Structures are given as C-alpha cells and as structure tokens.
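Visitor: I would like a close look at a single part of this structure, taken slowly and with the values attached. Please start with one side chain and its surroundings, and then go on to whatever else deserves a careful description.

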Amino acid sequence: PQAGISVVNSCIEDDIQFFDTSTIPGPNAANIVAWNWNFGDNTITNLQNPAHTYNTPGDYTVTLTVTTDQNCTSTTTQSITVGEVPVVDFVWSEICNGDATEFMDLSDPGLSAINNYTWDFGDGNTSILSEPSHEYSFPGRFKISVSIEDIYGCPEDLYTIIEVKRRSEIMAPTAFSPNNDSNNDFFRVGTYNISDFNIQIFNRL
C-alpha cells in the first residue's frame, strides 16, 4: 500500500479532521484493513478518518501506518500547525460626532498572523480594514465590536461601549441691526461645550 494523509492547519479550539488517502497501486486484490495514527502529542487511534483536538498550539508531526489484509504495511508523515487563539485588543481616538475617529488595532496573534478583520461601529456601519476610521453623525453610546481571524482559522472577538460626545458648537447671527425697529435688534450667541471665546463686531458701512 501507499499511505496518505489529508489535513489542513487549524485552530487549537477545533476538532481537526484527518483523512486517510492511502491507496494500493496496480492490479492488487489486497485491501487496507488497519490504520494506526500518531498525532505527535502522545495520542494514537486506529480509526480510519479520525478527528483530534490538540491541547497546546504548535507544530506537530502526524504519522499514519496502514496495513493490508496481506499484512503489508506503509507509513507516512505530515506536519501540521495548530494555531493559538489570538488576543483581541484595540484603542480609539477622542470621539465627537462629525469628527473622524481612528481605531487602532493592538491584537496579538501569537505565533500566527491576522488576515481577516470585521468591525461593527454600532450605528449600522462596518469595515474590514485593520485600522479603520469612522465618522459618527450624532452623539450617543455605541457598542463597538471587532472580530478577527488568523491564518489558521482561529477566530476571536471583542466589544466595548464608547460614548460619542456632541462636538463643540457656536451659533451666532451673521448680522444684526440695533435700530430699535424690533427686527434683529439684538446680537445673541449660543454655544455648546465652549468655555471661552472671543468675538469681534464690525459696523458694516
């Protein structure tokens, strides 16, 4: 026989499926009747297509030995990388509605690398950039979440609540006419979140 293994790199939290792809070349009437798997972590099984969960991330050498009903054997090995679950973290800049808020990724993929991001800004808008910026149209509290996936398919997510502040505003007329005709006689200034300001008024000639 010719032993063969089919498996893909996976995540530490997954049941990794192993497939026997062994063949018997040529016009041979023999059949494979026994399988002996060694997953490289002191765990073995005699199932033909087993699933296995590793307790520790890292690189493993998997060994498969097959035996035919004529007592012929073949052994093959294959390396597999088991990725660890990434640690998700991010920070953001000061937030006021109408301003672009920068989100900065601080996630740690460990031995792997992150290749997928999905951001949800809590206002119906999303992004797949690693470090996006977003402008909120109105103030309030929003649930921000980011989901990541590394090259081994290990997913993780994180969410937090942020408060978008109302941006500072000053509201003033562009002109007034203090001539006691009851029309635009007074100059009134309205402000929000402004503690001090200077204003100059000029007589239009």
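Guide: Trp92 is partly exposed in this predicted model, because its relative accessible area of 34% falls between the 20% limit for buried and the 50% limit for exposed. Trp92 belongs to strand 10, which covers residues 90–92, and together with Val91, Met104 and Leu106 it makes a nonpolar surface patch of about 320 Å².

The cysteines can be described next. A search of the whole structure finds 1 disulfide, and it is formed by Cys11 and Cys154, whose sulfur atoms lie 2.3 Å apart. This pair links distant parts of the chain, since Cys11 sits in strand 2 (residues 10–11) while Cys154 is in the loop between strand 15 and strand 16, 143 residues apart. The link is right-handed, with 120° about the S-S bond. Cys11 is buried at a relative accessible area of 1%, and Cys154 is likewise buried, at 0%, whereas Cys72 counts as partly exposed, with 36% relative accessibility.

The two strands that flank the loop of Cys154 take part in an open sheet of 4 strands, ordered 13-12-15-16 with antiparallel pairing. Its edge strands are strand 13 (126–127) and strand 16 (155–164), each of which pairs on one side only. Strand 15, residues 140–150, runs antiparallel to strand 16 and is joined to it by 10 bridges, and in this arrangement Glu149 stands opposite Pro155 of strand 16.

Notes:
Residues numbered from 1 in each chain as written. Predicted model: local features only at pLDDT ≥ 70, side-chain atom pairs only at ≥ 80, totals over all residues. Heavy atoms only, no water. Patch = residues over 30% accessible without salt bridge, like charges linked within 9 Å, V, L, I, M, F, W, Y side chains within 5 Å. Areas by Shrake-Rupley, 256 points an atom, 1.4 Å probe, with all protein chains shown as cover. Salt bridge = Lys/Arg side-chain N within 4 Å of Asp/Glu carboxyl O. Buried < 20%, exposed > 50% of the residue type's maximum accessible area, 1.4 Å probe, protein only. Pairing = 2+ DSSP bridges. Disulfide = S-S within 2.5 Å.
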